[in-house]
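Work through the exercises below with the sequence and the 3D structure at hand. Each task is followed by a solution in steps.

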Amino acid sequence: MTFAQAQPMNQSPGASRPGILPAVRLLIVEDDTSLATGLMRALSNEGYDVAAAVNGEEALARVRSEPYDLLVLDIGLPGIDGFEVLRRLRAGGYALPVLILTARDAVDDRVRGLDLGADDYMPKPFALPELAARVRALGRRGRGQVGPRIVHGPLVLDTAARRAWLNGEPLEMAAREWSVLQVLLERVERTVSKEAIIEAVAGLSDDLSLNAIEVYVSRLRAKLEPAGIRIRTVRGFGYMLLEHHQRSAG
Ligand code: CA
């Protein structure tokens, strides 16, 4: 019997409190069963549809077979740990918000978790109301935001979650790099003027210069060209993202 089956605390969506969207599906991954029990009770009382997994394998199996809106993921798990669960999920294209539970003072763990694609962290021990508040914030951000996705050869962008993968590995991009890339992706094989790029990126800054655009394009090239994705300079005008072709043997 799994822990989740032993502790059926799911509540009906109608039991949600004001301000909480009904039936947000939440998966808690925690091997400490007394902590997991407390979390399930607290979050069920907040109106969430809560399930639990006691190890990484079970967590991955559940996420792959059922749609969850949010994951609360302990890092210290038996077998594959929380980092590996997170890495596999992101590599597999799962963009659901993930809140990791880390040991207090374990700064390296937090940094590593965020680098691997966690959306927030909570150091142990924590007060349940604080965790509940963070889950609420993440739930609002993540709910209903699956895709739309842009696929360009080995590059995948989830525009809602603002996450990107290159050859299945998470790709880190600064906000402006992201915006520039998105403009180019919307006009593959068409020339996009620098002015049009600035216009699309506007709102992020008042002082965005033509030179700045060149810097962002150059950073994007450094990240994308090793995977065969090319941004051509159209001299005196702008840039063009070329159609991606698989490299052939011949
Ligand atoms: Ca643990």
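**Exercise 1: A pair within one helix**

Glu84 is partly exposed, with a relative accessible area of 21%; buried means under 20% relative accessible area, exposed over 50%, and partly exposed in between (1.4 Å probe, protein chains only). The model is predicted: local features need pLDDT of at least 70, side-chain atom pairs count only at pLDDT 80 or more, and totals for chains, interfaces and linings use all residues. Residues are numbered from 1 along each chain as its sequence is written, and side-chain values use heavy atoms, with hydrogens and water left out.

Task: find which residue forms a salt bridge with Glu84, and state how the two are placed in their helix.

Solution.
- Step 1. Apply the criterion: a salt bridge is a side-chain nitrogen of Lys or Arg within 4 Å of a carboxyl oxygen of Asp or Glu.
- Step 2. The partner is Arg88, and the closest N and O atoms are 2.8 Å apart.
- Step 3. Arg88 is partly exposed as well, at 33% relative accessibility.
- Step 4. Both residues lie in helix H4 (residues 82-91), 4 residues apart, so about one helical turn separates them. Helices (H or I, at least four residues) and strands (E, at least two) are DSSP runs, numbered from the N terminus.
- Step 5. An α-helix has 3.6 residues a turn, so residues three or four places apart point the same way.

**Exercise 2: Salt bridges across the chain**

Task: describe the salt bridges of Arg25 and Lys124, and say which parts of the chain each one ties together.

Solution.
- Step 1. The whole structure has 15 salt bridges.
- Step 2. Arg25 pairs with Glu66, with 2.8 Å between the closest N and O atoms. Arg25 belongs to strand E1 (residues 25-29) and Glu66 to the loop between helix H3 (56-65) and strand E3 (70-74), so the pair ties together parts 41 residues apart in sequence.
- Step 3. Arg25 is partly exposed at 23%, and Glu66 is partly exposed at 29%.
- Step 4. Arg25 and Glu66 also belong to a network of salt bridges that links them with Asp49, Glu58 and Arg62.
- Step 5. Lys124 meets Glu30 in a salt bridge of 3.0 Å, N to O. Lys124 is in strand E5 (residues 120-124) and Glu30 in the loop between E1 and helix H2 (33-45), so this pair ties together parts 94 residues apart in sequence.
- Step 6. Lys124 is partly exposed at 23% relative accessibility, whereas Glu30 is buried at 1%.

**Exercise 3: The calcium ion**

Task: list the protein donors of the calcium ion and give their spacing along the chain.

Solution.
- Step 1. Donors are N, O and S atoms within 2.8 Å of the metal (3.2 Å for Na, K and Ca); water is not among the atoms, so sites may look incomplete.
- Step 2. The protein donors are Asp31 (OD), Asp74 (OD) and Gly76 (O), at 2.2 to 2.3 Å from the ion.
- Step 3. Their spacing is D-x42-D-x1-G.
- Step 4. Asp74 is buried, with a relative accessible area of 3%, while Gly76 is partly exposed at 47%.

**Exercise 4: A sheet and its edges**

Task: give the strand order of the open sheet formed by 4 strands, and name the strands at its edges.

Solution.
- Step 1. Two strands pair if DSSP finds at least two bridges between them.
- Step 2. The order is E6-E7-E8-E9, with antiparallel pairing.
- Step 3. Strand E6 (149-152) and strand E9 (169-171) are the edges; each has a single partner strand, so one side of each has no neighbour in the sheet.
- Step 4. Strand E8 (residues 163-166) pairs with E9 in the antiparallel sense over 3 bridges, and Ala164 stands opposite Leu171 in E9.

**Exercise 5: An enclosed helix and Val201**

Task: is helix H7 largely enclosed or left open, and what does Val201 contact?

Solution.
- Step 1. In helix H7 (residues 175-185), 9 of the 11 residues are buried, so the rest of the structure largely encloses it. Among the buried residues are Trp178, Val180 and Leu184.
- Step 2. Val201 is in helix H8 (residues 194-201) and is buried at 1%.
- Step 3. Contact means heavy atoms within 4.5 Å. Apart from neighbours within four places in sequence, Val201 contacts Arg176, Ser179, Val180 and Leu208.
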